[in-house]
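This report describes the surface, the fold and one pocket of a single protein chain. The sequence and the structure are shown first.

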Amino acid sequence: EGLEEWAVCPVCEEKCRLSQADWHVGTCLIKKCASPSRKRKFAEVGERDRPACGPDASISTLWSVLPETRKVSSPPPSSPPLFISPSELRPPSRLGIALCGERWRLPTTGLDSSPARGGGTRNAVQVAAPSKRVDVMNSSLPPKLLRILVPLHGRKRDSNDKVFVPMPKDGTPVNVVREKDNPVDSRALLCTSLLAQSEKLLDAEELRNVLGYLPRQVSTHLSPLIDEGLIFLTAWSRSTLTDTPMLLEGSSTDGMIELSASLCSPTEVLREEQLMLVASSWSAASQASEDAHVGLQEVIRRRFWSAFGRIRCSAHAHLLDTVEVCVLETFHRCSLRAQRLAFRLLQRKATWFRTSSLQYSEIPHIEAAVDELRERGIVLSGDDREVDENMEARLSALKSDELIILSKRLGLEHHRNTRKKLIGTILSSSRDISDSDGGQLLFHTWLSIFNGRSSGMVRLCPVLLRSVEVVNYLTFLRPDCGLQSFVLEDVGVIRYPPHGGSLDDGSALFTSRSDLDAYLSVIAEASAVDAALDAGDEKTALNILDTNIFPWVNSCSSVILSLKHQNFRRRFEPDWVRAKMATIGITLLERHGRLTDAVAMLTRLLSCPICPERRGTWYLRLIINSNHLGRLKDATQACDRALQDPWVRCGDRLGIQRRALRLARKVKSWGTLGARWRSDILWEAPIDSIRAQALNGSVREKKRYCTISEVGEATVSVEELAIMHYAEEDAGSWRGVHSESRAWMTLFGLLFADVILSPVPGVFHGPFQSAPLDLGTDSFVEVRRDDITKILSEIRRGEGPKIVRDVWRRYYGTAIYGVSWVLLSLDELCDIILGLGGAALAEVMGLIAEDTSGWTGGAPDLLLWRHSSCEPKVKAVEVKSKNDQLSDQQRAWLLALRDAGVTVAVCRVSF
C-alpha cells in the first residue's frame, strides 16, 4: 500500500487510489446530483462494479494530457464496426495547455518548454518579416497628400460620339460631389464644373455641367474618408500628359482629373487609427488610379493571363489537360477586342447570346470580334448542336413572344403561362417523345424561329468555360470565385495581405485531374443543397442528399474508405465535403422524424476516419437520438467511446459529459466513468437579472425590448439592453460591445498576425489568400509550435498591447483572418488586453490557436471593460431572454474564461 500512488478527488476532496480515480470521481459526480434514497442504490451498485486493484489495473487518465485509449474488441467481419477505435485515429496536435479549462490535467511547466509530440524539438518556422510596403504614415501626416491623376468615366456622348460637355481648360478647378444616393454605386464621386453642394443630387440645370465620375476603384477608397469628415478633396482638369499610360482602344482620352486632399482636422486631434485609415486608403486609391487608366475589364484580362501563366509554371500544371491548354493558348492569340468580348461573356450568367444585343463601349466592331472568335473555335454558333445538349439553355435565350410561337408550332398550350412555365411545358413535351426524336424535333423547331439558321446566336466553347473554371479555382481555391474576384481589391471589397516570397508553387493540392474534377463535382452538389436550404426548400435538399450522399454514407467502411492526406490537404478531398453534407442531411432527417435513419448514418460515419473534426458533433447527435429512441444502452456505449476519443473537444465533450451523467443515473451503470471528467460540469455561471418588457413577446422572432422606465421611447435588442444596463453606475459603469466571437478572434488575428502570415511551405498558393490553408486544422500548430509558444510567452509578460499596436500600424485595413478593424478602436483593444491580464489572455489565445475552428463560435455575447480604482477589469457576459438555455459550446466558453481568470456571468432578461 505504501508503494501505490494516491490522489485527491476533485469532487469530495478525499484521498483515493490512482488506479481507481476514474471510478471514484464518476461515482462522486453522480452522488452529488442524486437524492438521498438513490445514493444508497448507487453505493450498492458501485461496490459490485468497483474495479479490482492489482498490477493489471489500468492507470487513470484523469491527470494525463491525452486520454489513454482502450482496446476495443473487433466486431465480426460480416458486420461493419460500430465505432472506429480511438487508437486508429491520429490524435490532434496539442500545445500542452488545459483545454476547456480542465484543471485536473497534468500541470505543465509552461509553453516555453513544451516539447513536440514524439520527442525532440521542432525547428521554428521563421516568422514573416515586417512588410516592406510603403509606410506613408510617418510621425506626422503632411497637411496635403500626394496628388494622383485619374481619368473620368461616364462621359456623356451623342450618336456621333461627341462629348456633350467639353472639359474645361487645363488647370481649371473642378468640384467633386459626393453622391450617396446613387442607385448604381453608393460610393460614387461626381465631377462637375459647378459649385454644387455635396450631399445632394444635381438638378436638371446642373446636369448640363456634369463632367463625369471618378473611377469606381478610386472612389471606393476615398468616399469613406469624405463620409467620416477626414479629408477634403480638391480637383483640377488636366489634359492627357505624355507620361500618362496609353489608353486602350475604346477608352476616352479627353477627361483627366488631378486630385489632391487635405486633412479636415489637425493631426494632433485625429486618433491614431484615423490617421492610419487616411494613409492606407489614399495609398490604395493612388495604386488603383494606375489601373483606372485601362479600366477594370482590362485589369481582369491581364490578371487572368498572369494567373494562367503562374499555374503553367507551378505544381498544378498537370491539372489542365492538353485540350484546355490548347484552347487557352488559341484564345490568348486572339486580337484585343476579341479577347475583351470573350471576357465580357465569361462574366455573364446566360449561356446563349444574341450578337445584335451585345454592346460594350470599350469594344468597337463587335460583329468582327464575334467572327474572329467563331473562326478560332472560341464561340459556337446556334446552328451547331452538341450531343446530349441541354435545350433549356437554348429556350432561355428566346424572348417571350418567340417562346409562344415555338409552343404553337409544337401544338402546346401557351395561354396564361409565365415564361418559366412555358419553358417547362416545352421541355416536358420533348421528353414524352423518344430521346433522339424529341431532342431533334425541338432543335429544328428552335431553328425555325430564326428561319432555319441562328448564326446570330452564339455561345462560348464548353472547353473554354471548363478551363477558365479550373484556372479560377486554382487561383482563389474557392469554388464561388469568378473573374470579378480578380478586382475585388481594386473596388475596395478586400485588401489582401502581402505575401512576398512566401507563395509556394512546389506542392500540389490534387494529385490528378480526376481528383480535382471529383472534388469540384461534390462542391457543386453541396452548393445545390445550400441553395435549396437558403430558399427554404428542405424537400429538394433532402432529395439531393438521398440520391448522392446517403448512399455514400451507407457504403462507408474504415477498411476501404480513408483519407489520402493526414494534414490540412484532407480538406480538398471529395469525402471531406461529403461528410459535411452528411451532417446537414442528418439534421434534416432528425427534423423529419427519421431518427432511426439518422442513428444508422451516424454509426457509419463514426466507423470511418473521415472528417475527424466533426466526430464530436456526430457522437453528440448519436447520443441524443439514441436516447429519444429509448436505446439507453446504445447511448451509454456512445458516451463511453466519445469520452475516449481525442477528437471530441470543446463544447461537444462538455455536452457529452453532462448527458453521460444523466444516462448513468438512469441505467445505474459505471461503464461511462472510464474517461476524463470535470468536477464542475454542472457549474452554473453567476446570474445578472434585468427587468424589461419584450414588445414582440408573442411573436417567434428576435425580441425587441424597452426598459420599464422608458416604455414607448426606444426599442433595443436584448444585447443592447444589457449593454445599457451595465453602463449604469449601479451596475459598474462598464463600457461594452456586442461582439460574440468577433472580439476574441480580432485579438487572436492581431496577436498572431505574423504567425498566420508566416511563409510555411504549402499553405499559400496564390496572392488572393487572407489566411493559410492549414488554419483551423491541427496542422497549424504542428509546424508553428515554437512561434506560437514565443508569442504566448510575450503575452504572458504583458507585451500584448505592444504587439497589437505594431501589427495595427503595419497591416491596418488588410484582410487577416478573424480581424475586424472597425469593431473596436486601437485604444479600446489595448484597454481590454490590460484588463484581461497577460496570463488570462495567453490562456484564451492558446485555446484558439490550438483549435481555431472549435472555438470560433459560442463566445459570450458581450465583452465589457472598465478602469477600476486598482486596475482595468474585463467581464464576459452571455445574454439570455427568459426561456433561452445555454448551448454546450457557450458553457465551454464560460468555463474556459472562468478557469483563465476572467469574470463571467449570464444576464437573464425577464419581466
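In this predicted model, the accessible surface of the chain comes to about 42,400 Å², and carbon and sulfur atoms hold 50% of that area. The chain has 911 residues, of which 52% count as buried.

The secondary structure consists of 31 helices and 18 strands. Among contacts in the chain with a separation of 6 or more, 72% join residues 24 or more positions apart.

Helix α11, which spans residues 400–409, offers a local view of burial: Glu-402, Leu-403, Leu-406 and Ser-407 are buried there. Viewed down the axis of α11, these buried residues fall within an arc of 140°, so they line one face of the helix. Gly-411 follows α11 and has a positive phi, near 70°.

The second largest pocket encloses about 1,400 Å³ of space. Its lining comprises 45 residues, and those closest to the pocket centre are Arg-571, Trp-576, Lys-580, Arg-614 and Ser-853. The elements that each give two or more residues to this lining are α14 (462–476), α15 (513–534), α18 (574–591), α22 (650–667) and α31 (888–900). The composition of the lining is tabulated below.

| Class of lining residue, second largest pocket | Number |
|---|---|
| Nonpolar | 21 residues |
| Polar | 13 residues |
| Charged | 11 residues |

The lining of the second largest pocket thus draws on nonpolar, polar and charged residues, with helices including α18 and α22 each giving two or more of them.

Technical notes: Residues numbered from 1 in each chain as written. Predicted model: local features only at pLDDT ≥ 70, side-chain atom pairs only at ≥ 80, totals over all residues. Heavy atoms only, no water. 1 Å grid on protein atoms, 1.4 Å probe; cavity = no way out; pocket = protein on both sides within 12 Å on 5 of 7 lines; lining within 4 Å. Points joined across faces, edges and corners; volume = space filled by probe spheres on them. Helix = DSSP H or I, 4+ residues; strand = E, 2+ residues; numbered from the N terminus. Nonpolar A, V, L, I, M, F, W, Y, C, P; charged D, E, K, R; others polar. Buried < 20%, exposed > 50% of the residue type's maximum accessible area, 1.4 Å probe, protein only. Contact = heavy atoms within 4.5 Å. Areas by Shrake-Rupley, 256 points an atom, 1.4 Å probe, with all protein chains shown as cover. Arc of directions from axis to C-beta.
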